[in-house]
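Visitor: Could you take me through one part of this model closely, beginning in its interior and working outwards to what surrounds it?

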Amino acid sequence: MTRADRGAQALGIPGGVLMERASVGMSRAILDSFGPLAGRRVLVAAGGGNNGGDGFVIARELYRAGADVAVFATKDEYGGDAAVNLDVLRNLAVRLVGRDAFSEELAGADLVVDALLGTGFEGEVRGDLSGLIREINDAAAPVVAVDVPSGVNGSTGEVEGPAVRADLTVCAHAAKVGCVVSPGGDHAGRVEVVDIGIPPEAEVEAATTWTDAASLRGVVPRRTGAAHKYSAGSLLIVAGSSSATGATVMVGRGAQRAGCGIVFVVTSESAAHRVDAALTEALVSGAPEDGDGLMSGDAVEHILGMSERASAIVLGPAAGVGEGGRRLVEGILNGTDLPILLDADAITNLPGPGALAARSGPTVITPHAGELGRLLGTGAKEVSARRLSSARRTAEESRSCVLLKGTDTLVAEGERVAVNSTGTHALATAGTGDVLSGVIGALLSRGADPYDAARTGAWAHGRAAELWLERTGRPVESMVATDLFEYLPEAFAELL
Ligand SMILES: NC(=O)C1=CN([C@@H]2O[C@H](COP(=O)(O)OP(=O)(O)OC[C@H]3O[C@@H](n4cnc5c(N)ncnc54)[C@H](OP(=O)(O)O)[C@@H]3O)[C@@H](O)[C@H]2O)[C@@H](O)CC1
Ligand SMILES: Nc1ncnc2c1ncn2[C@@H]1O[C@H](COP(=O)(O)OP(=O)(O)O)[C@@H](O)[C@H]1O
Ligand SMILES: [K+]
């Protein structure tokens, strides 16, 4: 955002013009959501930087729309465009209130505009601002955040202290990363973006992008008329144990619905016949298992033999944690250059992210915060607090593609991070992660590169859940992971 802003100003567009356009657009969005505001009481809380300057312009626009506007400004003296716009308020009948009147104004407000801190903020909120933020969060009125909820780091989504909880966040030019990546994203409410007139010449390529359907056009590999089942994608799934077959079945069915031409499964030998019965179209074989019914290190030879017929591998779901599992993962990683997706127990069986760095074949790992916390040795809490940097760091140390699951699934590879746009909390049910592994595995087997396979898979998986909700009208709580299979084809159809 800073680079785009500088670029626009270098082209001769004054900063004040950008502020004006941003704030007029934001005011329109506010009126669309909360208007008409004639006669309603609006409190604008404005901080000391340009976010506060936006707040002054919004105050003027809502005043023009007939609202009874009060403005609390944290500073006595302003500079630049903010000062200009504060002067305008002084010339109008807009009430400027002090700290002593803030709480009372807040109690009587029908709408609160949070323009305290924007993209210039990082770290923990200092001084009296934390008190203001707490008061805003305790107030009954709905809250609109300007550009980013105050207290949220706009570049990372990290929240280190008190932060505004908004009903609507209006962003200038583009959704700020902090409005979509958790935990900041959980503070933003609905996010709307307003055009502020930055010309294409000033656009910059963002390292963090939003995976929507448009960003995936042309990315999904297509099956041609000359295809046979192997060229259409041949996936080897190494999963499950004597006592756990469901995960394996869900990976397999997810892969089939994501267009894989042929699915091979290797599982513990005592479970193979049950998986075979459940996966009609797949070729299932059993591998040596230990006393606990988990595939043992001795299974490596059989798996590598099977891998000669595959174009990608999914390794891990319900395969078990322990010494045998560690040998299994190590043996497969060292034994083949095929694209591999490691999920669940295969991630837990890794000694650390560095264990993947030496691989020459493409590698994807799909941890949730708990699994990534174990892999990094930092714990789930730390990963959840710093999702973007945790995913980035893991991608760098593992030289792999990292998909970090959550409400805002992130896909990180090299310098790039994609934030998934689909999904619903209906997915918070056991087994949905297994389906995701199958979908991404299928895309790898069909020739997609890891980054595209992971972000396309996440998008289609989330979209399938949305379609289930839309089509069935059932409550989110009643979804089970296998419901996704029926809607995956329709989700993919939207990308083709
Ligand atoms: N294209 C654009 O870029 C456009 C940008 N626009 C708008 O400008 C916003 C960015 O403005 P910005 O750069 O002035 O920063 P901003 O968010 O107001 O913060 C600075 C203030 O925060 C304070 N502060 C900082 N850290 C703090 C802490 N830990 N704890 C407490 N306080 C802290 C700091 O205080 P100080 O350090 O000076 O004491 C200073 O007062 C952007 O989000 C958008 O709304 C639009 O007008 C359209 C064009
Ligand atoms: N609240 C939520 N909103 C959106 N997606 C969610 C939510 N909760 C879980 N998910 C998604 O559901 C899947 C759960 O995966 P995981 O925890 O590995 O499940 P399992 O291991 O039981 O298969 C992930 O893709 C995750 O992103
Ligand atoms: K703000």
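Guide: Leu235 is a good place to begin: apart from its neighbours within four places in sequence, Leu235 is in contact with Ala255, Cys260, Val263, Phe264, Ala310, Ala312, Val314, Gly441, Ala442 and Ser445, a contact being two C-beta atoms, placed from the backbone, within 7 Å. The model is predicted, with pLDDT of at least 70 required for local features and 80 or more for side-chain atom pairs, while totals for chains, interfaces and linings use all residues. Residues are numbered from 1 along each chain as its sequence is written, and chains are lettered from A and ligands numbered from 1 in the order in which they are written.

Leu235 also belongs to a wider setting, since Leu235 is listed with Val44, Ala45, Val71 and Ile237 as having the most contacts inside the largest nonpolar core, which has 159 residues. Such a core is a set of buried Ala, Val, Leu, Ile, Met, Phe, Trp, Tyr and Cys residues joined through C-beta atoms within 7 Å. Helix H16 (residues 450-472) gives the most to this core, with 10 residues; helices (H or I, at least four residues) and strands (E, at least two) are DSSP runs numbered from the N terminus. Residues of this core come from both domain 1 (2-206) and domain 2 (214-493), so the core lies between them.

The bounds of these two domains, 2-206 for domain 1 and 214-493 for domain 2, come from an automatic or database domain assignment. Their centres, taken over C-alpha atoms, are separated by 41 Å, and where the domains meet, eight residues of domain 1 are in contact with nine residues of domain 2. An unreviewed UniProt entry carries the annotation "domain: YjeF N-terminal" over residues 1-204, a stretch that is 37% helix and 17% strand, with its end C-alpha atoms 8 Å apart.

For "binding site", the unreviewed UniProt entry lists Lys405, Gly406, Thr407, Asp408, Thr409 and Gly433. Although these residues span 29 residues in sequence, no two of their C-alpha atoms are more than 14.1 Å apart, so they gather at one spot. UniProt annotations may be inferred rather than shown by experiment.

Within that group, Thr407 lies in the loop between strand E15 (401-404) and strand E16 (410-413), and Asp408 is found in the loop between E15 and E16 too. Thr407 is partly exposed, with 17 other C-beta atoms within 10 Å, whereas Asp408 is buried, with 21 other C-beta atoms within 10 Å (buried is 20 or more, exposed 12 or fewer, partly exposed in between). Not counting residues up to four places away in sequence, Thr407 touches Ser182 and Gly423, while Asp408, with its neighbours within four places left aside, is in contact with Val180, Val181, Ser182, Gly185, Val419 and Asn420.

Turning to the ligands, 17 residues surround ligand 2, and the closest are Lys405, His425, Leu427, Ala428 and Gly433; a residue counts here if its C-beta atom, placed from the backbone, lies within 6 Å of the molecule. Of these closest residues, Lys405 and Gly433 are also in the UniProt "binding site" list. Ligand 1 is surrounded by 26 residues, the closest being Asp5, Gly48, Gly49, Gly118 and Gly120. Helix H2 (15-34) and helix H3 (50-64) each supply at least two residues of that shell, and H3 gives the most to it, with five residues.
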